[in-house]
Amino acid sequence: MAQERTTCCVVGGGPAGMILGLLLARGGVEVTVLEKHADFLRDFRGDTVHTSTLTLLDELGLWPRFEQLPYRALTKARIRLDSGDVDFADMTRLRQPHPMVAMVPQWHLLDMLATAAAEEPTFTLRMSTEVTGLVRDGDRVAGVRLADRAEDGSLGPESELAADLVVACDGRDSRLSADSGLPLYRYHVPLDVEWFRVPRREGDPEGGLGRVGRGRFLVFLDRGDYYQCALIIGKGTDARLRSGDVQGLRDLVAGMNPWMADRLDAIGSWDEVKLLEVTLDRLKRWSVPGLLCLGDAAHAMSPVGGVGINLAIQDAVAAGRVLAGPLRAGDDAATDRAAASVQRRRTVPTVLTQTLQDLAHRRVVAPLLSAEATDQVDTRVPWPIRMIERFPVLQWLPARLVGVGALPEHAPAWARRAPMPVVDASGASSLASSGRKAPSSGPVSPRA
Ligand SMILES: Cc1cc2nc3c(=O)[nH]c(=O)nc-3n(C[C@H](O)[C@H](O)[C@H](O)COP(=O)(O)OP(=O)(O)OC[C@H]3O[C@@H](n4cnc5c(N)ncnc54)[C@H](O)[C@@H]3O)c2cc1C
(Lines give C-alpha, C1' and ligand atoms only; values in the text may rest on other atoms or scores of the structure.)
Protein backbone atom coordinates (compact mmCIF):
# COMPACT_ATOMS: atom_id res chain seq x y z
CA MET A 1 0.00 0.00 0.00
CA ALA A 2 1.41 3.41 -1.01
CA GLN A 3 2.31 5.64 1.94
CA GLU A 4 2.84 9.40 1.92
CA ARG A 5 3.79 11.60 4.85
CA THR A 6 2.83 14.97 6.31
CA THR A 7 3.50 16.60 9.68
CA CYS A 8 -0.11 17.30 10.64
CA CYS A 9 -3.07 15.64 8.96
CA VAL A 10 -6.34 17.51 9.53
CA VAL A 11 -9.39 15.42 8.65
CA GLY A 12 -12.40 17.50 7.56
CA GLY A 13 -12.59 20.84 5.77
CA GLY A 14 -15.31 22.42 7.91
CA PRO A 15 -14.81 25.57 10.01
CA ALA A 16 -12.55 23.83 12.57
CA GLY A 17 -10.41 22.06 9.97
CA MET A 18 -9.93 25.05 7.67
CA ILE A 19 -9.01 27.46 10.47
CA LEU A 20 -6.57 24.97 11.99
CA GLY A 21 -5.03 24.29 8.56
CA LEU A 22 -4.56 28.01 7.95
CA LEU A 23 -3.03 28.68 11.37
CA LEU A 24 -0.61 25.76 11.27
CA ALA A 25 0.47 26.67 7.74
CA ARG A 26 1.13 30.22 8.89
CA GLY A 27 3.13 28.71 11.75
CA GLY A 28 5.38 26.99 9.20
CA VAL A 29 3.98 23.49 9.85
CA GLU A 30 3.50 21.14 6.92
CA VAL A 31 -0.24 20.49 7.10
CA THR A 32 -2.58 18.48 4.89
CA VAL A 33 -6.36 18.97 5.14
CA LEU A 34 -8.46 16.09 3.78
CA GLU A 35 -12.08 16.78 2.81
CA LYS A 36 -14.37 14.08 1.50
CA HIS A 37 -16.56 16.36 -0.62
CA ALA A 38 -15.49 17.83 -3.94
CA ASP A 39 -16.44 21.38 -2.88
CA PHE A 40 -17.84 23.34 0.06
CA LEU A 41 -21.22 23.83 -1.64
CA ARG A 42 -23.60 22.21 0.78
CA ASP A 43 -26.49 24.07 2.30
CA PHE A 44 -26.79 22.41 5.72
CA ARG A 45 -23.68 23.82 7.32
CA GLY A 46 -25.14 26.82 9.15
CA ASP A 47 -24.75 30.36 7.94
CA THR A 48 -23.46 32.20 10.97
CA VAL A 49 -20.11 33.96 11.33
CA HIS A 50 -20.01 35.25 14.87
CA THR A 51 -18.70 38.48 16.37
CA SER A 52 -15.60 36.79 17.80
CA THR A 53 -14.86 35.06 14.46
CA LEU A 54 -15.10 38.45 12.73
CA THR A 55 -12.49 39.77 15.19
CA LEU A 56 -10.34 36.74 14.42
CA LEU A 57 -10.63 37.48 10.69
CA ASP A 58 -9.40 41.02 11.45
CA GLU A 59 -6.40 39.58 13.27
CA LEU A 60 -5.67 37.20 10.39
CA GLY A 61 -5.81 40.10 7.92
CA LEU A 62 -8.84 38.57 6.20
CA TRP A 63 -11.46 41.21 6.92
CA PRO A 64 -11.03 42.96 3.53
CA ARG A 65 -11.78 39.62 1.84
CA PHE A 66 -14.67 38.77 4.13
CA GLU A 67 -16.14 42.20 3.53
CA GLN A 68 -16.50 41.29 -0.14
CA LEU A 69 -18.68 38.27 0.58
CA PRO A 70 -22.47 38.56 0.23
CA TYR A 71 -23.12 38.62 3.95
CA ARG A 72 -26.02 40.12 5.83
CA ALA A 73 -25.48 41.74 9.19
CA LEU A 74 -27.70 40.40 11.93
CA THR A 75 -27.69 42.80 14.85
CA LYS A 76 -30.88 41.64 16.53
CA ALA A 77 -32.43 38.22 16.88
CA ARG A 78 -36.17 38.41 16.94
CA ILE A 79 -38.72 35.78 17.84
CA ARG A 80 -42.20 36.05 16.40
CA LEU A 81 -44.85 34.71 18.77
CA ASP A 82 -48.60 34.45 18.25
CA SER A 83 -48.81 37.37 20.68
CA GLY A 84 -46.29 39.58 18.83
CA ASP A 85 -42.55 39.99 18.25
CA VAL A 86 -39.88 39.81 20.96
CA ASP A 87 -36.33 41.07 20.46
CA PHE A 88 -34.30 38.30 22.01
CA ALA A 89 -30.66 39.28 21.51
CA ASP A 90 -29.16 42.66 20.73
CA MET A 91 -25.63 42.50 19.31
CA THR A 92 -25.27 46.29 19.34
CA ARG A 93 -24.97 46.04 23.13
CA LEU A 94 -21.63 44.21 22.68
CA ARG A 95 -18.43 46.24 22.85
CA GLN A 96 -16.79 44.48 19.90
CA PRO A 97 -15.24 45.70 16.63
CA HIS A 98 -18.00 43.96 14.63
CA PRO A 99 -21.08 43.82 16.88
CA MET A 100 -23.14 41.52 14.66
CA VAL A 101 -23.52 37.98 13.46
CA ALA A 102 -22.77 37.94 9.74
CA MET A 103 -25.09 35.60 7.86
CA VAL A 104 -23.30 34.15 4.88
CA PRO A 105 -23.63 30.74 3.21
CA GLN A 106 -20.75 28.87 4.78
CA TRP A 107 -19.20 27.79 1.49
CA HIS A 108 -18.10 31.40 0.94
CA LEU A 109 -16.27 31.48 4.27
CA LEU A 110 -14.61 28.11 3.68
CA ASP A 111 -13.56 29.08 0.14
CA MET A 112 -12.04 32.27 1.52
CA LEU A 113 -10.10 30.35 4.20
CA ALA A 114 -8.93 27.78 1.63
CA THR A 115 -7.67 30.56 -0.65
CA ALA A 116 -5.78 32.25 2.21
CA ALA A 117 -4.27 28.96 3.35
CA ALA A 118 -3.21 28.08 -0.20
CA GLU A 119 -0.99 31.19 -0.10
CA GLU A 120 1.19 29.41 2.48
CA PRO A 121 3.81 27.04 1.02
CA THR A 122 3.32 24.32 3.67
CA PHE A 123 -0.45 23.97 3.15
CA THR A 124 -2.16 21.26 1.13
CA LEU A 125 -5.91 20.76 0.72
CA ARG A 126 -7.09 17.49 -0.82
CA MET A 127 -10.76 17.55 -1.75
CA SER A 128 -12.75 14.40 -2.68
CA THR A 129 -10.57 12.48 -0.25
CA GLU A 130 -12.34 10.41 2.36
CA VAL A 131 -10.59 9.14 5.45
CA THR A 132 -11.64 5.59 6.18
CA GLY A 133 -9.77 4.92 9.42
CA LEU A 134 -6.77 5.47 11.66
CA VAL A 135 -3.34 3.93 11.20
CA ARG A 136 -1.67 2.89 14.47
CA ASP A 137 1.90 2.22 15.43
CA GLY A 138 1.66 0.48 18.80
CA ASP A 139 -0.28 2.77 21.14
CA ARG A 140 0.24 5.80 18.93
CA VAL A 141 -1.96 7.02 16.09
CA ALA A 142 0.49 7.32 13.23
CA GLY A 143 -1.69 8.44 10.32
CA VAL A 144 -4.89 7.74 8.40
CA ARG A 145 -6.21 5.46 5.70
CA LEU A 146 -7.83 7.34 2.86
CA ALA A 147 -9.37 6.89 -0.56
CA ASP A 148 -10.43 9.12 -3.44
CA ARG A 149 -14.17 9.62 -3.55
CA ALA A 150 -15.96 9.65 -6.91
CA GLU A 151 -18.96 11.89 -7.62
CA ASP A 152 -21.36 8.98 -6.97
CA GLY A 153 -19.79 8.52 -3.50
CA SER A 154 -17.90 5.34 -4.41
CA LEU A 155 -14.36 5.03 -3.07
CA GLY A 156 -11.19 4.22 -4.98
CA PRO A 157 -8.32 2.07 -3.69
CA GLU A 158 -7.10 2.84 -0.17
CA SER A 159 -3.74 4.34 0.65
CA GLU A 160 -2.15 5.71 3.82
CA LEU A 161 -0.98 9.11 4.91
CA ALA A 162 1.46 9.04 7.82
CA ALA A 163 1.50 12.04 10.16
CA ASP A 164 3.07 13.15 13.44
CA LEU A 165 -0.39 14.25 14.52
CA VAL A 166 -3.87 13.55 13.17
CA VAL A 167 -6.54 16.11 14.06
CA ALA A 168 -10.12 14.90 13.68
CA CYS A 169 -12.29 17.80 12.53
CA ASP A 170 -14.73 15.49 10.75
CA GLY A 171 -17.88 16.71 12.40
CA ARG A 172 -20.60 15.26 14.55
CA ASP A 173 -20.60 11.77 13.04
CA SER A 174 -16.83 11.67 13.33
CA ARG A 175 -15.48 8.38 12.08
CA LEU A 176 -12.13 9.07 13.69
CA SER A 177 -13.41 9.72 17.20
CA ALA A 178 -15.54 6.56 16.89
CA ASP A 179 -12.45 4.66 15.66
CA SER A 180 -10.36 5.98 18.53
CA GLY A 181 -12.65 4.31 21.08
CA LEU A 182 -12.66 7.48 23.21
CA PRO A 183 -15.64 7.40 25.59
CA LEU A 184 -18.59 9.67 24.82
CA TYR A 185 -21.10 11.47 27.03
CA ARG A 186 -24.45 11.85 25.26
CA TYR A 187 -27.33 14.18 26.18
CA HIS A 188 -30.95 13.30 25.54
CA VAL A 189 -32.12 15.41 22.57
CA PRO A 190 -35.83 15.94 21.89
CA LEU A 191 -35.56 17.48 18.41
CA ASP A 192 -34.62 17.02 14.80
CA VAL A 193 -34.74 19.55 12.00
CA GLU A 194 -36.44 19.61 8.60
CA TRP A 195 -34.32 21.78 6.28
CA PHE A 196 -35.79 23.33 3.11
CA ARG A 197 -35.87 26.49 1.01
CA VAL A 198 -38.67 28.96 0.41
CA PRO A 199 -38.39 31.83 -2.12
CA ARG A 200 -37.92 35.30 -0.65
CA ARG A 201 -39.56 38.35 -2.22
CA GLU A 202 -38.86 42.07 -2.14
CA GLY A 203 -40.11 43.52 1.14
CA ASP A 204 -40.04 40.20 3.05
CA PRO A 205 -38.37 40.22 6.49
CA GLU A 206 -34.58 40.31 6.41
CA GLY A 207 -31.91 38.65 8.54
CA GLY A 208 -32.55 35.60 10.68
CA LEU A 209 -35.90 35.12 12.33
CA GLY A 210 -37.55 32.62 14.60
CA ARG A 211 -41.28 31.91 14.63
CA VAL A 212 -42.75 30.17 17.65
CA GLY A 213 -46.37 29.05 17.75
CA ARG A 214 -48.78 26.15 17.37
CA GLY A 215 -46.36 23.81 19.10
CA ARG A 216 -43.71 24.45 16.48
CA PHE A 217 -40.55 26.42 16.04
CA LEU A 218 -39.53 27.62 12.58
CA VAL A 219 -36.27 29.45 11.91
CA PHE A 220 -35.84 31.17 8.55
CA LEU A 221 -32.52 32.57 7.43
CA ASP A 222 -32.48 35.24 4.76
CA ARG A 223 -30.13 34.17 1.94
CA GLY A 224 -31.08 36.94 -0.48
CA ASP A 225 -33.53 35.46 -2.97
CA TYR A 226 -34.60 32.60 -0.71
CA TYR A 227 -35.02 31.67 2.95
CA GLN A 228 -33.20 28.69 4.32
CA CYS A 229 -35.85 27.29 6.66
CA ALA A 230 -35.36 25.01 9.64
CA LEU A 231 -38.49 23.48 11.10
CA ILE A 232 -37.93 21.96 14.52
CA ILE A 233 -39.74 18.63 14.88
CA GLY A 234 -39.86 16.05 17.65
CA LYS A 235 -37.03 13.49 17.48
CA GLY A 236 -38.14 10.48 15.53
CA THR A 237 -41.28 12.14 14.12
CA ASP A 238 -39.90 12.64 10.60
CA ALA A 239 -41.36 9.35 9.29
CA ARG A 240 -44.85 10.32 10.55
CA LEU A 241 -44.59 13.74 8.90
CA ARG A 242 -43.36 12.22 5.62
CA SER A 243 -46.02 9.53 5.56
CA GLY A 244 -48.39 12.27 4.38
CA ASP A 245 -48.25 14.49 1.31
CA VAL A 246 -45.74 17.36 1.29
CA GLN A 247 -48.82 19.61 1.31
CA GLY A 248 -48.97 18.81 5.05
CA LEU A 249 -45.64 20.59 5.51
CA ARG A 250 -46.75 23.51 3.33
CA ASP A 251 -49.92 23.88 5.43
CA LEU A 252 -47.93 23.77 8.62
CA VAL A 253 -45.55 26.51 7.48
CA ALA A 254 -48.41 28.60 6.10
CA GLY A 255 -50.22 28.26 9.44
CA MET A 256 -47.21 29.73 11.20
CA ASN A 257 -46.30 32.33 8.59
CA PRO A 258 -49.40 33.17 6.50
CA TRP A 259 -47.37 35.71 4.46
CA MET A 260 -45.29 32.83 3.09
CA ALA A 261 -48.30 30.86 1.84
CA ASP A 262 -48.19 32.21 -1.74
CA ARG A 263 -44.76 30.70 -2.50
CA LEU A 264 -44.83 27.39 -0.64
CA ASP A 265 -45.56 25.47 -3.86
CA ALA A 266 -41.82 25.89 -4.42
CA ILE A 267 -41.39 22.96 -2.00
CA GLY A 268 -42.19 20.50 -4.79
CA SER A 269 -41.79 17.19 -2.91
CA TRP A 270 -40.31 15.60 0.19
CA ASP A 271 -37.06 15.11 -1.78
CA GLU A 272 -36.46 18.84 -1.35
CA VAL A 273 -36.79 18.57 2.42
CA LYS A 274 -33.75 17.20 4.26
CA LEU A 275 -33.92 15.66 7.69
CA LEU A 276 -31.01 16.83 9.87
CA GLU A 277 -30.68 14.68 12.94
CA VAL A 278 -29.63 16.64 15.99
CA THR A 279 -27.17 15.27 18.52
CA LEU A 280 -25.56 16.79 21.60
CA ASP A 281 -22.58 14.90 22.97
CA ARG A 282 -19.02 15.28 24.16
CA LEU A 283 -15.95 13.07 24.27
CA LYS A 284 -14.74 12.53 27.83
CA ARG A 285 -11.17 12.69 26.46
CA TRP A 286 -10.34 14.60 23.31
CA SER A 287 -6.91 13.12 22.60
CA VAL A 288 -4.74 10.03 22.62
CA PRO A 289 -1.08 9.98 21.56
CA GLY A 290 -0.97 11.10 17.92
CA LEU A 291 -4.68 12.10 17.71
CA LEU A 292 -6.68 15.15 18.78
CA CYS A 293 -10.42 15.68 18.20
CA LEU A 294 -11.81 19.20 17.75
CA GLY A 295 -15.09 20.95 17.00
CA ASP A 296 -18.12 18.73 16.55
CA ALA A 297 -15.84 15.68 16.40
CA ALA A 298 -15.09 16.32 20.09
CA HIS A 299 -18.48 17.80 21.05
CA ALA A 300 -21.44 17.67 18.66
CA MET A 301 -23.53 20.82 19.10
CA SER A 302 -27.24 21.34 18.76
CA PRO A 303 -28.40 24.06 16.34
CA VAL A 304 -29.99 25.86 19.32
CA GLY A 305 -28.44 29.31 19.56
CA GLY A 306 -26.43 28.76 16.36
CA VAL A 307 -23.10 28.60 18.19
CA GLY A 308 -21.44 25.36 17.06
CA ILE A 309 -19.40 27.02 14.31
CA ASN A 310 -17.98 29.56 16.73
CA LEU A 311 -16.99 26.88 19.24
CA ALA A 312 -15.39 24.78 16.50
CA ILE A 313 -13.37 27.77 15.28
CA GLN A 314 -12.30 28.70 18.81
CA ASP A 315 -11.14 25.12 19.45
CA ALA A 316 -9.07 25.32 16.27
CA VAL A 317 -7.47 28.62 17.28
CA ALA A 318 -6.61 27.28 20.74
CA ALA A 319 -5.13 24.15 19.15
CA GLY A 320 -3.16 25.98 16.44
CA ARG A 321 -1.61 28.27 19.02
CA VAL A 322 -0.11 25.49 21.14
CA LEU A 323 0.59 22.87 18.47
CA ALA A 324 2.62 24.81 15.91
CA GLY A 325 5.84 24.93 18.00
CA PRO A 326 6.10 21.25 18.96
CA LEU A 327 4.98 20.09 15.51
CA ARG A 328 7.61 22.23 13.83
CA ALA A 329 10.22 20.85 16.22
CA GLY A 330 9.10 17.26 15.48
CA ASP A 331 8.75 16.61 19.23
CA ASP A 332 6.03 13.92 19.64
CA ALA A 333 5.91 14.06 23.45
CA ALA A 334 5.53 17.85 23.46
CA THR A 335 2.92 17.59 20.68
CA ASP A 336 0.88 15.12 22.76
CA ARG A 337 1.10 17.35 25.83
CA ALA A 338 0.01 20.36 23.79
CA ALA A 339 -2.88 18.34 22.28
CA ALA A 340 -4.05 17.31 25.76
CA SER A 341 -3.92 20.95 26.93
CA VAL A 342 -6.49 21.95 24.28
CA GLN A 343 -9.20 19.98 26.07
CA ARG A 344 -8.28 21.58 29.41
CA ARG A 345 -8.61 25.04 27.90
CA ARG A 346 -11.81 24.44 25.93
CA THR A 347 -13.75 22.30 28.42
CA VAL A 348 -15.37 25.14 30.36
CA PRO A 349 -16.83 26.99 27.34
CA THR A 350 -17.91 23.70 25.79
CA VAL A 351 -19.64 22.35 28.89
CA LEU A 352 -21.24 25.72 29.63
CA THR A 353 -22.62 26.02 26.09
CA GLN A 354 -23.86 22.43 25.98
CA THR A 355 -25.49 22.82 29.39
CA LEU A 356 -27.37 25.88 28.13
CA GLN A 357 -28.40 24.03 24.96
CA ASP A 358 -29.58 21.09 27.06
CA LEU A 359 -31.55 23.47 29.26
CA ALA A 360 -33.13 25.07 26.19
CA HIS A 361 -34.01 21.59 24.86
CA ARG A 362 -35.68 20.57 28.10
CA ARG A 363 -37.30 23.84 29.18
CA VAL A 364 -38.24 25.47 25.86
CA VAL A 365 -38.15 23.02 22.95
CA ALA A 366 -39.56 19.89 24.61
CA PRO A 367 -42.62 21.67 26.12
CA LEU A 368 -43.29 23.30 22.74
CA LEU A 369 -43.06 19.99 20.91
CA SER A 370 -45.23 18.18 23.43
CA ALA A 371 -47.95 20.77 22.79
CA GLU A 372 -47.70 19.79 19.11
CA ALA A 373 -47.85 16.07 19.94
CA THR A 374 -51.13 16.52 21.78
CA ASP A 375 -52.46 18.79 19.02
CA GLN A 376 -52.91 21.65 21.47
CA VAL A 377 -52.37 25.19 20.33
CA ASP A 378 -49.91 26.33 22.99
CA THR A 379 -49.97 30.08 23.43
CA ARG A 380 -47.65 30.11 26.45
CA VAL A 381 -44.45 32.07 26.01
CA PRO A 382 -41.36 30.22 27.27
CA TRP A 383 -40.18 31.86 30.53
CA PRO A 384 -36.68 32.93 29.36
CA ILE A 385 -38.34 34.83 26.51
CA ARG A 386 -40.83 36.40 28.95
CA MET A 387 -37.96 37.60 31.15
CA ILE A 388 -36.12 39.14 28.20
CA GLU A 389 -39.31 40.79 26.98
CA ARG A 390 -39.78 42.33 30.43
CA PHE A 391 -36.15 43.40 30.97
CA PRO A 392 -34.65 44.34 27.55
CA VAL A 393 -31.22 44.88 29.16
CA LEU A 394 -31.06 41.07 29.39
CA GLN A 395 -30.74 41.00 25.59
CA TRP A 396 -27.02 41.50 26.21
CA LEU A 397 -26.67 37.98 27.63
CA PRO A 398 -27.86 35.91 24.63
CA ALA A 399 -25.98 38.35 22.38
CA ARG A 400 -22.78 37.70 24.32
CA LEU A 401 -23.29 33.92 24.48
CA VAL A 402 -24.13 33.64 20.78
CA GLY A 403 -21.87 36.36 19.37
CA VAL A 404 -18.74 35.95 21.44
CA GLY A 405 -19.04 32.77 23.50
CA ALA A 406 -17.67 32.03 26.95
CA LEU A 407 -13.96 32.07 26.04
CA PRO A 408 -13.14 33.81 22.75
CA GLU A 409 -9.75 32.86 21.29
CA HIS A 410 -7.35 35.17 19.51
CA ALA A 411 -4.86 34.51 16.74
CA PRO A 412 -1.28 34.02 17.93
CA ALA A 413 1.11 36.85 16.96
CA TRP A 414 2.86 34.69 14.33
CA ALA A 415 -0.41 34.07 12.46
CA ARG A 416 -1.49 37.71 12.33
CA ARG A 417 -1.27 39.71 9.14
CA ALA A 418 -1.93 43.25 8.00
CA PRO A 419 -5.17 43.54 5.96
CA MET A 420 -4.62 41.26 2.98
CA PRO A 421 -5.35 42.06 -0.66
CA VAL A 422 -8.69 40.94 -2.04
CA VAL A 423 -8.31 38.19 -4.64
CA ASP A 424 -10.82 38.39 -7.49
CA ALA A 425 -11.87 35.65 -9.88
CA SER A 426 -9.21 36.63 -12.43
CA GLY A 427 -6.49 36.13 -9.81
CA ALA A 428 -5.77 39.88 -9.61
CA SER A 429 -5.70 41.41 -6.16
CA SER A 430 -6.56 44.77 -4.62
CA LEU A 431 -6.84 46.09 -1.08
CA ALA A 432 -10.38 46.99 -0.12
CA SER A 433 -10.50 50.54 1.20
CA SER A 434 -11.77 50.81 4.76
CA GLY A 435 -15.02 52.52 3.82
CA ARG A 436 -15.76 50.18 0.97
CA LYS A 437 -19.34 48.97 0.56
CA ALA A 438 -20.08 45.28 0.38
CA PRO A 439 -21.85 43.91 -2.72
CA SER A 440 -25.47 44.93 -3.23
CA SER A 441 -26.80 41.69 -1.74
CA GLY A 442 -25.37 42.64 1.68
CA PRO A 443 -24.73 43.68 4.31
CA VAL A 444 -28.09 44.89 5.48
CA SER A 445 -29.63 45.16 8.91
CA PRO A 446 -32.63 43.04 9.73
CA ARG A 447 -35.98 44.76 9.73
CA ALA A 448 -36.47 46.63 12.95
C1 LIG B 1 -29.45 21.37 11.68
C2 LIG B 1 -28.25 22.08 12.21
C3 LIG B 1 -28.12 23.46 12.01
C4 LIG B 1 -27.04 24.15 12.54
N5 LIG B 1 -26.95 25.49 12.37
C6 LIG B 1 -25.94 26.18 12.93
C7 LIG B 1 -25.81 27.59 12.77
O8 LIG B 1 -26.64 28.23 12.11
N9 LIG B 1 -24.75 28.20 13.36
C10 LIG B 1 -23.83 27.52 14.10
O11 LIG B 1 -22.88 28.13 14.63
N12 LIG B 1 -23.90 26.18 14.24
C13 LIG B 1 -24.92 25.49 13.67
N14 LIG B 1 -24.99 24.14 13.82
C15 LIG B 1 -23.86 23.43 14.46
C16 LIG B 1 -22.68 23.44 13.45
O17 LIG B 1 -23.11 22.91 12.20
C18 LIG B 1 -21.48 22.64 13.94
O19 LIG B 1 -21.27 22.84 15.31
C20 LIG B 1 -20.23 23.04 13.15
O21 LIG B 1 -20.44 22.85 11.78
C22 LIG B 1 -19.01 22.25 13.60
O23 LIG B 1 -17.93 22.54 12.74
P24 LIG B 1 -16.80 21.41 12.48
O25 LIG B 1 -15.77 22.06 11.62
O26 LIG B 1 -16.40 20.82 13.77
O27 LIG B 1 -17.56 20.25 11.70
P28 LIG B 1 -18.38 20.27 10.31
O29 LIG B 1 -18.84 21.62 9.96
O30 LIG B 1 -19.39 19.19 10.43
O31 LIG B 1 -17.29 19.86 9.24
C32 LIG B 1 -16.83 18.53 9.15
C33 LIG B 1 -16.19 18.34 7.78
O34 LIG B 1 -15.55 17.07 7.75
C35 LIG B 1 -15.84 16.44 6.51
N36 LIG B 1 -15.72 15.00 6.74
C37 LIG B 1 -16.53 14.22 7.50
N38 LIG B 1 -16.09 12.97 7.52
C39 LIG B 1 -14.98 12.94 6.74
C40 LIG B 1 -14.08 11.90 6.35
N41 LIG B 1 -14.24 10.64 6.80
N42 LIG B 1 -13.05 12.21 5.54
C43 LIG B 1 -12.86 13.49 5.11
N44 LIG B 1 -13.70 14.51 5.42
C45 LIG B 1 -14.73 14.23 6.24
C46 LIG B 1 -17.26 16.91 6.19
O47 LIG B 1 -17.55 16.78 4.81
C48 LIG B 1 -17.21 18.36 6.65
O49 LIG B 1 -16.76 19.22 5.63
C50 LIG B 1 -26.06 23.44 13.29
C51 LIG B 1 -26.17 22.05 13.48
C52 LIG B 1 -27.27 21.38 12.97
C53 LIG B 1 -27.37 19.90 13.19
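**Exercise 1.** In this predicted model, determine how the axes of helix α2 (residues 51-59) and α8 are placed relative to each other, and state which residues make the contact.

*Solution.* Begin with the distance and the angle: the two axes come within 9 Å and cross at roughly 40°. Next, classify the angle. Angles under 35 degrees count as roughly parallel, and 65 to 115 as roughly perpendicular; α2 is therefore oblique to α8. The handedness follows as a separate step: where α2 passes α8, the crossing is left-handed. Finally, identify the residues. On the α2 side the contact is made by Ser52, Thr53 and Leu56, and on the α8 side by Asn310, Ile313 and Val317. Three residues of this contact are nonpolar, three are polar and none is charged.

**Exercise 2.** Describe the shell around the ligand: which residues come nearest, which element gives the most, and how do the residues divide by character?

*Solution.* The ligand has 36 residues around it, of which Gly12, Gly14, Gly171, Gly295 and Gly308 come nearest. Two or more shell residues are supplied by each of α1 (15-26), β9 (129-137) and α8 (308-329). With four residues, α8 gives the most. By character, the shell comprises 15 nonpolar, 12 polar and nine charged residues. Helix α8 thus appears in both exercises, contributing to the shell and crossing α2.

**Exercise 3.** Characterise the protein as a whole by its elements, its burial and its contacts.

*Solution.* Count the elements: there are 11 helices and 22 strands. Turn to burial: of the 448 residues, 44% are buried. Lastly, consider contacts between residues at least 6 apart in sequence; 75% of these join residues at least 24 apart.

Methods: Residues are numbered from 1 along each chain as its sequence is written. This is a predicted model: local features need pLDDT of at least 70, side-chain atom pairs count only at pLDDT 80 or more; totals for chains, interfaces and linings use all residues. A residue is near a molecule or strand if its C-beta atom, placed from the backbone, lies within 6 Å of it. Ala, Val, Leu, Ile, Met, Phe, Trp, Tyr, Cys and Pro count as nonpolar, Asp, Glu, Lys and Arg as charged, and the others, Gly among them, as polar. Axes are lines fitted to C-alpha atoms, for helices over the stretch in contact, and angles run from 0 to 180 degrees between N-to-C directions. Angles under 35 degrees count as roughly parallel, over 145 as roughly antiparallel, 65 to 115 as roughly perpendicular and the rest as oblique. A crossing is left-handed if the near helix is turned anticlockwise from the far one by less than a right angle, and right-handed if clockwise. Two residues are in contact if their C-beta atoms, placed from the backbone, lie within 7 Å. A residue is buried if 20 or more other C-beta atoms lie within 10 Å of its own, exposed if 12 or fewer, and partly exposed in between; C-beta atoms are placed from the backbone.
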